[in-house]
Each structure stands twice: as C-alpha cells, then as structure tokens.
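Please read this briefing alongside the sequence and the 3D view. It takes up one residue position and then the relation between the copies.

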Protein chains: 2
Amino acid sequence: MALVDNTLWWLALPVAASVIAIIFAFGLRRWVLANDTGTPAMRKVSDAIYKGAQAFLSRQYRTIAILALISAVVIGAVLAIIANYQHSTDPWWVVGIRTGLSFLFGAFCSGLAGYIGMQVAVRANIRVASAAQRGLGDALMVSLRGGAVSGFLVISLSLLGVTVLYLIVLALGTSPTSTPVAIVGFGFGASFVALFAQLGGGIYTKAADVGADLVGKIEAGIPEDDPRNPAVIADLVGDNVGDCAGRGADIFESTAAENIGAMILGASVALALAGNATAHASPAWVIFPLVVVGAGILCSLVGLFTVRKAGVLEPEQAGGRDPGEIAWSQLNRGYLVTAVISAIAIVVISYLLLGPVTGKWWAFALAGLVGIANSIAFVYITNYYTSGSFRPVREIAEAAKTGPGTTIISGLAVGFENTALPVLAISIALGLSYYLGTLTGLGSHGVVSIGGIYATAVATMGMLMSAGYVLAMDTFGPITDNAGGIVEMSNAPESVRNITDALDGVGNTTKALTKGYGIGSAALAAFLLFSAYLDIIYSPSGTKPATASALPYGVNLANPPVFIAGLIGAMLIFLFSSLAIRAVGTAAQAMIQEVRRQFKANPKIMQGTAEPDYARCVDISTSSALRQMVLPGVLVVGTPILVGVVLGPEAAAGLLMVGTVAGILMALVMNNGGGAWDNAKKYIEAGYLKDDKGNVLGKRTPAHDAAIVGDTVGDPFKDTAGPSLHVVIKLLSTITLVLAPLFIALHP
Amino acid sequence: MALVDNTLWWLALPVAASVIAIIFAFGLRRWVLANDTGTPAMRKVSDAIYKGAQAFLSRQYRTIAILALISAVVIGAVLAIIANYQHSTDPWWVVGIRTGLSFLFGAFCSGLAGYIGMQVAVRANIRVASAAQRGLGDALMVSLRGGAVSGFLVISLSLLGVTVLYLIVLALGTSPTSTPVAIVGFGFGASFVALFAQLGGGIYTKAADVGADLVGKIEAGIPEDDPRNPAVIADLVGDNVGDCAGRGADIFESTAAENIGAMILGASVALALAGNATAHASPAWVIFPLVVVGAGILCSLVGLFTVRKAGVLEPEQAGGRDPGEIAWSQLNRGYLVTAVISAIAIVVISYLLLGPVTGKWWAFALAGLVGIANSIAFVYITNYYTSGSFRPVREIAEAAKTGPGTTIISGLAVGFENTALPVLAISIALGLSYYLGTLTGLGSHGVVSIGGIYATAVATMGMLMSAGYVLAMDTFGPITDNAGGIVEMSNAPESVRNITDALDGVGNTTKALTKGYGIGSAALAAFLLFSAYLDIIYSPSGTKPATASALPYGVNLANPPVFIAGLIGAMLIFLFSSLAIRAVGTAAQAMIQEVRRQFKANPKIMQGTAEPDYARCVDISTSSALRQMVLPGVLVVGTPILVGVVLGPEAAAGLLMVGTVAGILMALVMNNGGGAWDNAKKYIEAGYLKDDKGNVLGKRTPAHDAAIVGDTVGDPFKDTAGPSLHVVIKLLSTITLVLAPLFIALHP
C-alpha cells in the first residue's frame, strides 16, 4: 500500500497549512519589525533586555544540547541492543539510529521553537511601547501579531516536523500503521528540551521577579519596573526566557507528543478493523490527527485576522470603559471565532476522511466537538478562579486585611479548591468522548474499547485545533509585560503607561487562560498517551493489538508492584515541585541580598542619580537557573526509567497514570493558586478593597504588603513549577513510550 | 466448627490484654488525679479550659450523633433492601440491623474514645503545671501517665470492641471466616465519628491558635499564652478538643478498621487453604491480627513502665544538658523497648498460631518485623524533617531572613520534598512484606498473591503493636502544652516555666512523630484495606474468594471509568484539604478582628489591669468549628458512594486507591511542612539563627516575624488538614467496604 494509498494525499493539508502559517508568520514578523522603535530611552532598555535574553539562551541551550546528545546516544544504543537481541524485523542499527535521530530532530525543533518564540517577542516589546504612544489599537495589534509570529511558527513547526518525519519513515518502507511507533523518539526529544527550557526559564524569571518585588516594593517602596531597582532588567529578561522561550518549547512538545500518540491509537483502530492485517489497514485513522491539527492552524489564522484595529475604541472615545476590557473583548472574539470554525472543520474532516472507513464517523465528529467544548470550559473555569471579578480572588484580597498569614492560607485554599471543576470537566469530556467512541463498535482490548480510546484522542485533537491562536495570546502576555516595563523605565507619559498597563493586565489574563488550556489539553491527552503506551506494551512488535484472550490488557493497581510504582509516580510530582520552587526561593534570597547590598553601598541609586548594577542581578538569575534546572530534570527523566527497568512495563504504566493524575492536580493548584494571588494583589492596587468604614485599602497599606507576599509565593507556583509540570506529564508518557521495548525485554 | 475450634481460645489474649490495660489505665488515672492541683491562679485557668472543652465537646457530639444516626438508618436500610433483593443467606432484616448496629456501636465507641482522650488530659494539665514546681521528673511522669490513660483506654476499647463484636456475631452462628465482613460497619462507624471529631477539633484549635498568634505576637508583641490575649483560653481549649479528643477518635478508628480489614484477608487465606470449604478453614488466620494487637498492648505497657522518674536528671544536676533532651531520651527509650519486645512477641505468636497451619509461618513473622522496622524508619524520617537539628528546618529559618515570602516558599518546598523518603520506606516495606508472603505459596487472585497480601496485613499489625505507647506520647503533647499555658497565665516563677517549656518542646516532637507514625501505618494499611475491598467485590457472598478463572481480579486504571474515578479520588483529597484550611483561615480572620476590637475598645487589657473577654473568642472557635466541619465531612462520605453507584465497584476501587495515594502524600506535606515551620520559629526563638556578622536574630526581629507567619500557615496544615486526612484515607476504605454490596447490586 504505502505511499500509493489515495488517503495519504490528505497529508497535503497539514503540510500546506504549516507552510501557509509559516509564510504568514514571516509576513507578520516583517510587519511587526517595521513598526518604529520609540525613543532612545526606550531603545536603551530594550537593548539591555535583548542582550540578557540572548546571553541566557545561548548558555542554557549549550547545557541542554549536551544533555540531549548524551541521551540520544544512550537511547539509540539501548534500543539497538534490544532490537538485536530480539531479532526485530528492522535491522538493529536502523532501530537505534532511527530513534536517536528522531530524538535529536525533536530536540532540535523544540529548541528552535523556543528560540523563535523569544526572538520576535524580545524585539516586539519596544515596538509595542512605541505604538502605545499612538494608541490602544496600535499597541494591541503590534503585541498580538508579535505573539502570533511565535505562536504560528511553533505550531507549524511541530506539525510539519511530525508529518515530514512520518513521510520519511514511510518512504523508507515502513507500513503506515507501524510508522507512528517508529517516530515516538521525536516526541521524547521535544519533551526533553521543553522540560529544561521551561524549568530553567521559569527559575530565571521568578528568581528575578520575587527578588525585585520583595525588596523593591515592600522594603524600598518603589513601584514595579522602577529603573532604580537593580533587579529590574533581570525581571524583564525573565519574562522573555521563561514565558516566551519556555512556553514555546512546551506547546511544541505538547502538539508533537499528542499527535504521535493519537497516530499510534489510529494505527490500532486501523489494524483492528483490518483483522490485524497490515496490508488491509487504512491509513486514514493514522493521519486523521495530523489533518485535524492542520485545519486547526488555518482556523486559528482566520481567528487572528478577525482581531482588527478598527474594532478597538481608543480610551478617549470609550466613555470611561476600561481599556483592558476593550482589548480583551477583541482577543476573546478572535478565540471564539477560532473555536466555532474549528468545530465546523472537525465535523467536515471526520465525514470526509473517516466516513469512507466507518459509518459511525459522526461519533468521532461529536467527540471532536466535546474536545472543543472542553477547551472553552477550561477558559471559563480558569477565568473564574483567577479574575478579580469573582469570589476566589476577592476572598484572598479580604484575607489580606488580616496579614500575610491569612493571605497565604486563603490562597492555598483557593489553589487546592480549584482542582474540583477542572477535574469534573475533564471527567465529563473523557467519559463522554469515550462513550461516543464505544458506539462505533470497533472492537476492544479486554474491557477497553478501541474506538472509545480513539475518540478521546479525537477530542484532544479538537482541543488542540485552537493551539495556534492560544499560543499567540500567550506570547502577547510577556510582550505587553515587557512593553510596560520599557515605558516605565523610560519615563514615558502617564497616558502611554495607562495603555501598556491595561494591556499588561490583559496579558496576565491570557497567560492564565493558556495555562488552563495547556493543563486541560494535557489532562485529556493523558489518556491518549497512556493508551498508546499500553498498545505498545501489549503488542511488542507494534503491529498486532492485544486481544482479550492474549495478555491481560490493563494496569492493575491491585498488583503491589504497580501500586508501588503509582505511589512513586505521585511522589515524583511532589518532589519535582519542591525542587522547582526551592530553586526559585534560593535564587530569590540571593537576589534580595544583592539588591539590599546595592541600595546600602550606593545611596545615590535610590535618589535616582546613579544607575544600579543590573548585570550582577542578571548574572545571579542566569547562574542559578542553569545550576538548578539539572537535578529536577534528571529526576523526572530517570525515575520512570528506573521503575520500568526494576518493576516492569505494567508498573511503569502505573507510575505514568498515577503520576499524571497527581501532575494534573498539582499543576492546577500551582497555576491558578498563583494566578489568584497575583490578581488579588492587582485587585487591591486597583483600589477595590475597602475596610469596614468604606475607606479604600490600596497601595502601600498593610493589606497591600500582605498581598505582595502572596504574589511572591504564587510566582514560582504559576511560572516555574506549574508550567514545568505540564511538560513533566507529557515527558513521563514519551519516555515510557520510547523505552517500552527495554522494559518488555527485561520483563518478558 | 464455630466456637468449639480450639484456636478460638487464642481470643482470650486480646480480651485479657484489653482488660488488663483498662485496669491499668484506671489505676494511672487515679494516680494522676491524686497529684495536687497547684495554686488558685492555676486552678482558675484550668477550670476555664475544662469548661470550654466540655461545652464544645457536648455541642459537637450532638451534631455528630445526629449525622451518625441518620447514616446508620440509611446504610442499614440500603443493605437490607439489597439482601432482600438478592436472597442472601442471612435474612434481610438481620443484614440491615447487623450493619446499622455495628455502625452505631463503632460510632459510639469512637466518640467515647475521643471523650476519654480529652477527659483525663484536661485534668492532667494543671497537675503537670503543679508538678513542674517540684521538678522535671515529676512533671514528666504526670504528663506521660496522663497521656497513657487515654492512650491505653482508646486502644483497648478498639480491640475489645472488635473482638467482642466478632464473638457475638460468631455466637449467632456465622462462620469464623465470614464474620469479619459482617462487622465492617463497626469500622465505618468509628471512622465516621473520627472524621468529624478530628476535623471539628482541628478547626477549633487552629482558628484560636492562628488568631492568637497573629495579633498577639506580631501586632501587640506579647508572648504566647499571655493572659492579656483574649484568644488565649480558646487556644488552650483547642489543644484538648483537637489534639486529644480528635486524635483519640482517629487512632481508635485506625486500629479498628485495620484489624477488621486484616481479618477479612485472613478469611481469604483460610478459605484458599481449605479449598474454599468454610468447614475446613482454620480461624487462626482470621484472629491472628487481634492476637498480635493484643500482645502489642502488653508490650506498650511494659515500655511505658520503663520510663521512670529515677532516670530523669533534674536541671540543677544536669550540668547544662537541655532538660527537653533528657525528657525525650526517656520517652524514646520507652518506645524502643516497646518496639524490641513487640518484635519478639510477633515472632513467637506467628510460630504458635500460624505454625500449625503453615510451615512457612516464618515469612509472616519476618513481615511483622518489616512493619516494626517501618515504624522506626518513619520516626527517624519525621524527626529529620521537623527537628531544628537538621537541614530542612534550618533552611526555613535561613529563608526567614529575607521575609515571609521566602519563608513560605521554603517551607512549601520542604513540605513537598518530605514525601520522598516516606514513600520509599513504604514502597520497601510493602514490597518486601508482599514478597515474603508470596514465598508461602498460598494461592493467588489472578496475579495477586493471597499470602503476599496477608503479609502486608501482618506488617501493618506489627506496626500497630506500639500504638498504645505512641498514643500515650501523643496525648503527652497537648497536656504539656496546656501545662505551659497554665504556668504562663498564672505567673509562675521562671524555673517552673523552663521545665514546662522544655516538656512542651518535647511534646511538639512527639506530636509530629505520632503523626508520622499515623500516616506510615495508614499507608501500609491502605493496601490491606483495598485488598479487603477487592476480596468482597470479587466474592459477593463473602464466602468464596475470586480465582483467576472467575472475574478479572484487579483495578484496571486503563479502563476509562476507573481512571476517571481515580482522578476524582485524588481531587477529593485536594478539595477536602482546601475546605479544611479555608475553615481555619476564615475563623482565624474572625478571631483576629475580635482580638483587635477588644484591644481597641479597652486599653486596660494591654496594661494588664482588665481581664479580656475570653468567652467571646471561645464562642467564635466553637461556632466556626461546628458550622464548617459538616461540608467537608459530607463531601468525603458522599463522593465515594456516588462514584460507586454511578460508575460501579471497580471504579470505586480506583477512587479508593488513587485517592489514598494522594491522601498519603498530602498528609505528609501537611504534617511535616507544618511541623517544620513550627520548629523553624522555635529555632529562631531559641537564638540559633545568626546574621552574616554572627549577631543573633531572635525574638521580635523581622526574621522572627516572618517565621511566625510561616508557623501560622503551618498550623492548619499540621493540626487540621493533615490529621483529618489520616481519617479520610481510612474512611474511604470503610465506606466502600460497607457499601460494596450496593455497588455490586447496581453493576452486576
């Protein structure tokens, strides 16, 4: 069959979509960079940020490259040895080289995605600052399109990478249904780099942020981003290396891993339908995820272009309407447009691509819609927990009246509580899409319906369709944050600052929402990824699905080794979180001591007549981040391997599944708990908190100080541990997917 | 067979041990109460505490009694309906009444245990205060023996309750092997009451404590337990209702639930050996747990009496040795003596009781030793994480130099980190005891070895042998804490205060250690309890174990409903923790406002010339605790039932197992994170923290203030959420055990 099957022509869609998106991204990049770069004062700040970010990234990438190279060689060698030992159908050296190269290719693309994410953002920030002098509409367009450059490049690169790799391995003569398993190394490589990028960037940014806030705001009483604060440049650099570069790598690996996982499940469906005969299996099931995601990119592009400058009321015409609200309603509209046309697209694609192979194509179309609905549900839930308009944030702000102790207790309570609704949403989405899939009657592995599992994968793909738009909104966040910093540091007029402040506020919302979106899709994808792993361990050759009469397909928690592995998996999440937030705490303490030292050593800094030594603070962040990202990273890579080797493949699945459950919950606590603290502080700063007599408790009151303490605790939660956990969840899956042959060989 | 089997005479041991321990407890009680009650000033404080505690307990028990009665009727009715519908061997009304009455009996005994726990403690405190005037040795003996009264009464009551109930149901003609299932209602009733007692007491005590500390220590700058603080009596009452009454009920239900679970597994072994013929099954396997725990009580008594006044060096003879250290070394010696003779006892009992039924009795003896070793490991690990002598606490104290933000971050990092070693210890203990059990070759349910599971139960019993001694040490904590408060409030001389301060410090250690012991045994017991549940769901009649060829014995996480249930189970733990700490936060805010109001309304309070209004603060704690304990309690009782009803028995097992994993980890975070913050504060107060130049950063420095914030955040962690989670873990098991017939009936 191979490449001659007509169905494979469908792959032209993801390739074309990726290429179109890349062309658009370069067009947008040119458009963004053509904007003017503001005043000399602005350029000076922007240059310092640019230099710091470049310097960090190049040092960070060197470390990651070494780790990735070692890992690629080890993994390739291990898999080659097993292939040799087990007389696999492919020659042992092909298996080894294929996996090693896939890994390196994934790692390279993931790193590239991160680099691109940052590259444009760090040059867009000053253009936004300058555009803010002209008005809200201009600033919004520049920042969103700056974000879109990285958003679309990252997503297209991910899709193109997987598709091209699939075509290459296919061209080498592998059957369409066993190819996905051959390219899982790509996903592992991508996750591997994303973990270190996100973790290192996260430590960097929050060490600087926490340090700058605690000394600057509370002790010295100077505002955020004040040029007198020695840690301010490090803070602004951090926004780029943490939020842009880290997030870019993260979303890259998410789409890659989830695409490959879904393709593996597609292969399983295809083989089940063809009576396990590879020759009769239709590749439609395998390539469906790629086609859906490709269509999603186009839908996201359409969504992006519905956001227009003409739709934005400038502050002076708005009649007192909050400029942040105006900007947000534009962004939200773009998102909803993307969701609606994605919904139409997934139904059409299901009909056209799956219709020929199953009469029940509508069940998968509905599952796709469930996924899209789930993504919207997550946006609303996240907004409820992190926006000042609702109970949780207000509860924290109230607690700030009685000091930092109650602020922390209240924020932790909100953080733990906010796991409930997302878990219900996930449970419903997972249960419903699985149920829809069971209706198709495509056979089962033991008690588990093959169609049901595939439907959960389709739901995940539905959710991922808007990834391009969401990532654009996400990168919008650090760009506006930086623009605000540049405006503040270059002493631009009040009216300009109001615009960047408003956009910065919107950026905080979009950053929180994309984290919600990220964890929602990770949770939905988890089941897809487990099942892909089980498909592999119960059909070692990758060509025969397990049947009820063969091995007991499943993960039996009642079996002590599996339970122990589950316990270890959950513990791993807690330990990783501990290391991540400790890294920030330790680095922030060093930063605080340094800032205090500078203020003391040179009183002119506080008078504004001498420039502080920004470079030393940048150095502290850089070296802490590089030193402290290694141990947690090695831990989460090493533990599942060790468990799989010692306790076997089923135990590795137990670690994976219970670890994922713990990871989802912990990430929710970290992301939204942190976001709620942040916005409680903003709520107080905006003057909404009042005492019993109706007096405003605003900036520089004890309540505000308490809220700042809450915010600083939330910082490593929401920007270091939380986003890194997203990657960890998927990394656990991709590691076990790649090393399944090893576990099986040791525990036949 | 029934009562004529000679083996059943072994039950004389637990009955006799319980009776002996009860007689001893009453003797100790008389001895403690015969001590003098100190100065009139002391009596005034003590009376206020006694009245407050009695008032709260009677109101709390009224609420709990209503909830328990409703539950008993509903459960009895549901099980009767199912028995009728399924034509069970016992008449439907027998099933209904038996379960309802077992539940109420368990509930009553658990409540009684809590009441007893508090009753003596609240009268021992003043006698310790008075004895401290005579010296350290006297004070230690009175406080430990005061703790021992409740410790031994609680444990004996639990053992006696289960044994007597077993004998009654046996006498009614049930076979020895199906009796354990008939009495699980007792365990559920006990857990049910323990949950509300621990949660309500925990909210009460920490609302008062946090409120008192935040206003008193930080804002007003007065010491702990200062009589000028309006919340001080509420705080002292809280120690009794939270730590004594709550913990008493908790340990009661632990031993009850774990005993019954182990007996169910014993029945499974007996039946497997007898070829599933009830008539040939030896009851030795069923009663072994009761005999071991009975022997443990006697060992604990011996351990208790090795702590002697003569072994205590008084401060003036000690040559500068820390009095706390002297007292602790005595307590520790008693614990080690208990552990050593328990080890001998379990080997002897294994030989005598199991020797006749299996040649491999030694495997179970070794498993028992593994359990004892595990209990010692937990004591050391807990000590490492919560003592000022090691890295974790010192790290938090260091972080306090840079303010409350970094103190919280650092404490959370320690809390998350400290899940690692306990999980490894549990994994080893569970894996090793299971492995030992598999050597006995007693058959298997599918892949799960019956002997292996029974061996994990034996390990749990080994760990529980020292429960009497441990609970005595635990109750010692609040007694000495109260004694310190009474001494402080009655303006006793410095030398007396030094003794009670030292004992209070030891009490903090013992409280932390017993929490470690509690979660360690809960974690080990978890597997026992799951397996008991699986035994029931895979052999609905309770007389036939599942075989590999029958239903697929196991909990398959790869099955979406089971995975969803697992996700919900873990979420339940997070949500429960949220509600528990929020309850404390809200009540503490009310307390802070009230204390601030009193200080403002009457300046004479701070001058010490007018008495504050203690009663209003007691009222705030009481009403908050009663109001806020209901929702979290109903949530953890209701959710597993709902999941079992909607998604079926296997999903309920998924909820149970993943929920337990999350519960173990979260309880570790809460207990030891909280303990570490507390001791970091004490470390600073003791003057061990120094700045770069070697100056001591002690009380009333910014570092100390930051440490107090950490401590107040830790308070609801370690004394409300953490201990309540211990109960939740076991409650999940007992609920599902009791309602298994319902889930099976709905999902046949």
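A:Asp225 is buried, with a relative accessible area of 12%; buried means under 20% relative accessible area, with a 1.4 Å probe and protein chains only. This is a predicted model, in which local features need pLDDT of at least 70, side-chain atom pairs count only at pLDDT 80 or more, and totals for chains, interfaces and linings use all residues. Residues are numbered from 1 along each chain as its sequence is written, chains are lettered from A and ligands numbered from 1 in the order in which they are written, and side-chain values use heavy atoms, leaving out hydrogens and water.

**Asp225 in chain A**
- A:Asp225 lies in the loop between helix H6 (184–220) and helix H7 (232–273) of chain A; helices are DSSP runs of H or I with at least four residues, numbered from the N terminus.
- Although A:Asp225 is not a glycine, its phi is positive, at about 60°.

**Asp225 in chain B**
- The loop between helix H6 (184–220) and helix H7 (232–273) of chain B holds B:Asp225.
- B:Asp225 is also not a glycine, and its phi is positive, near 60°.
- B:Asp225 is buried, with a relative accessible area of 12%.

**How the chains are related**
- Chain A is superposed on chain B by a rotation of 180° with 0.0 Å of shift along its axis (RMSD 0.0 Å); the fit is by least squares on the C-alpha atoms of residues with pLDDT of at least 70 in both.
- The two copies are therefore related as by a two-fold rotation axis.
- In chain A, the C-alpha of A:Asn556 is the nearest to the axis, 2.3 Å from it.
- Both copies use the same surface, as 100% of the contact residues of chain A recur in chain B; contact means heavy atoms within 4.5 Å.

Definitions and conventions. Helices (H or I, at least four residues) and strands (E, at least two) are DSSP runs, numbered from the N terminus. Buried means under 20% relative accessible area, exposed over 50%, partly exposed in between (1.4 Å probe, protein chains only).
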